[in-house]
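Got the viewer open? Let's walk through this one selection at a time, starting with one chain and finishing where the chains meet.

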Amino acid sequence: MDSFTPLRILLIDKDADRAAVVRKALVAEGHEVISERPDATGLTAAVARDEPDMVIIDMDLPDRDTLENMSTLNAHAPRPIVFFAREQSDRNTIQAAVRAGVSAYVVDGLQPQHVRSIIDTAVARFEAFQSLRNELEETRTALEERKLIDRAKALIMKRENCNEDQAYRVLQKSAMDHSQRMGQIAQRVIDMLQTNDRESAGKLRRAS
Amino acid sequence: MTASPIPMRRHKGFHLRLGFVPLLDSAPLIIAHELGLFFQEGLEVELVREASWASLRDKITFGLLDGGHMLAPMPLAMSLANDRPRSPIVTGMVLSRNGNGITVSSALYPELEACGADPANPLASAQALIEVAQKRGTPIQLASVAPWSSHDLQLRDWIASAGPEARHHLRIVPVSPVQMVDAFRAGAIEGCCVGEPWNSLLEWQDLGVLLHAGHQIWQNAPEKVLGMRQDWAEQHPEIHERLIRVLLRACEWLDNPANHDTLRDILADERYLGNQVQALDGHPFSLFHPRLHQHFFRDSANFPWLSQAHWLASRLARWNQLGSFSTEDIRAVVKPDLFRKAASRIGIDAPLIDAKTEGRHRLPHVIEGGDGPVSIAGDSLLGEQLHRWPG
């Protein structure tokens, strides 16, 4: 009953790397994918010219309102997928898509399970991309925090005349007291002690 | 061991996620956040910027946001739709009135003037628009920014005022506000109805001239409202009231011109409007175009009139964006009682009636409030129409 019909999909994503990954996955499933991002005024024209069965668009693009508007102005234009979320299974699919930042527009008459599998593919690629990006971000933050903590420790050691372990415990305790990350506390210590240093240096100069 | 008292904002449910679309009229939410007003009321609010109304709608529908800044017709369209799953929303407060403009290209403007267009008379301008299109023999393309918006409805009402044949001489095409300047420059469209700062930007770059203010189509109509998910509102009536109080204070602050330099600096932040505001640096009007009469507080601006919501619903229905609806449907979405209760706690009075005949007053006037007379704004409708609340 469920014979496969390849769909023509217009993919609009400002992230070219991510678009390439999504495109590849959809093409591998047998679909035709148009993925150039149309310019400011070209979106309406592109939808009219290419007549896609489905548009998949990055949720963070303002072009979404243009697509919404097209669907009210033209009965043949693709309609937002959220409008089809009547059954729980569809709601789950769409909720996952909203969380992942994928939005989609489909023309009337497409098989729901067909649409679902395409959405699932796009969502999986968006999520994989996001987790990769989060990992990179975490690594970068961790590195920066370690540098901040080292500098803060050195400042505390100098000022309090203590050893490294003691300085670390001072930082750790105040992070817990203020429920902030070690990196944030370290930044505050650096800001405070460096300002003090500059001020006391100024005082010394004036005194001499 | 003595447990320290839990601050109010740590109680479950006091954390809120509110969405906004970066427009000048999202300022009440931004200002409440930046001035620490949410915090003072014990609310922990996370503001989430959305690039489109569609994203805001989807995130609210699927529970990623509790509510937010909405186009005034949006709670009606989301709650009362017949052709798709409904997403019930309640609104207990108007955030702003006016602020839209109909701007036409600098090339079209003199052509319209030659045919009798008059910035003081939108009916004459609509006739002139049709005349220009007839002379040319080709339809004029005008842009609408979003469905379920007062921009779209005002543009359609204005065109329709020129008679039933008018639509054959014009084409309405979708263009997002952020693309409006480019679309004008490319000559793809010759006019639009859009909010601020886009009219000012088009004028500032000599691409367009503001022909009419939305104010001249529907005087002092609600433009943006606070819309919250109905299930959230049912579970958190006390927080909802606090939220309304905070936003009322922010709206009062916004109507004071002495605060507008501070406002400009805050909105210019990259997390809010960023370069849209920066692009207006040096503009003589700064943020508020004098012809648009955008306001946030004066003349009971925040009161959610059932009759105005009914008017908006009737316009949505007229332009096929909503099916049939009843006065009970409107009451389920729009909550004047909630507003009264929240506002009275901070000494802001509200009208005693929930609905009035719209279109009867050109000037601000005084009606009975809970504690004495309250001032309300004029409410003329294009072509001297009257709209009666049937409830």
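Which domains does the domain assignment of chain A give? Select 8–134 of chain A for domain 1, then 138–207 for domain 2. Keep in mind as you click around that this is a predicted model. With both domains of chain A coloured, look at the spacing: their C-alpha centres lie 48 Å apart.

Now switch chain A to cartoon. You'll find seven helices and five strands. Trace them from the N terminus and the order reads β-α-β-α-β-α-β-α-β-α-α-α, so to speak a strand-helix alternation that ends in a run of helices. If you colour chain A by burial, 33% of its 208 residues count as buried. Contacts are worth a glance too: among those in chain A between residues at least 6 apart in sequence, 59% join residues at least 24 apart.

Next, hide chain A and bring up chain B. This chain has 16 helices and twelve strands. Its radius of gyration is 21 Å, close to the 21 Å that the globule rule gives for 391 residues, so chain B is as compact as a globular protein of that length. Turn it along its principal axes and the C-alpha trace spans about 85 × 45 × 40 Å. Colour by burial again, and buried residues make up 53% of the 391 in chain B. For contacts in chain B with a separation of 6 or more, 76% come from residues 24 or more positions apart.

Time to split chain B. Domain 1 takes three selections, 8–97 + 221–255 + 295–349, while domain 2 is 101–216. The centres of these two domains of chain B, taken over C-alpha atoms, are separated by 29 Å. Zoom in on where they meet: 15 residues of domain 1 of chain B are in contact with eleven residues of domain 2. On the domain 1 side, pick out α4 (74–80) and α14 (306–318) of chain B, each of which supplies at least two residues. By class, that side has eleven nonpolar, one polar and three charged residues.

Last stop: show both chains together. Here 25 residues of chain A are in contact with 28 residues of chain B. On the chain A side, select α3 (63–73) and α4 (88–100), since you'll want both in view: each supplies at least two residues. Which element of chain A gives the largest share of that side? It's α3(A), with nine residues. Colour the chain A side by class and you get eleven nonpolar, seven polar and seven charged residues.

Definitions and conventions: Residues numbered from 1 in each chain as written. Chains lettered and ligands numbered in written order. Predicted model: local features only at pLDDT ≥ 70, side-chain atom pairs only at ≥ 80, totals over all residues. Contact = placed C-beta atoms within 7 Å. Helix = DSSP H or I, 4+ residues; strand = E, 2+ residues; numbered from the N terminus. Nonpolar A, V, L, I, M, F, W, Y, C, P; charged D, E, K, R; others polar. Domains from an automatic or database assignment. Buried ≥ 20, exposed ≤ 12 C-beta atoms within 10 Å, placed from the backbone. Rg over C-alpha atoms; globule rule 2.2 N^0.38 Å.
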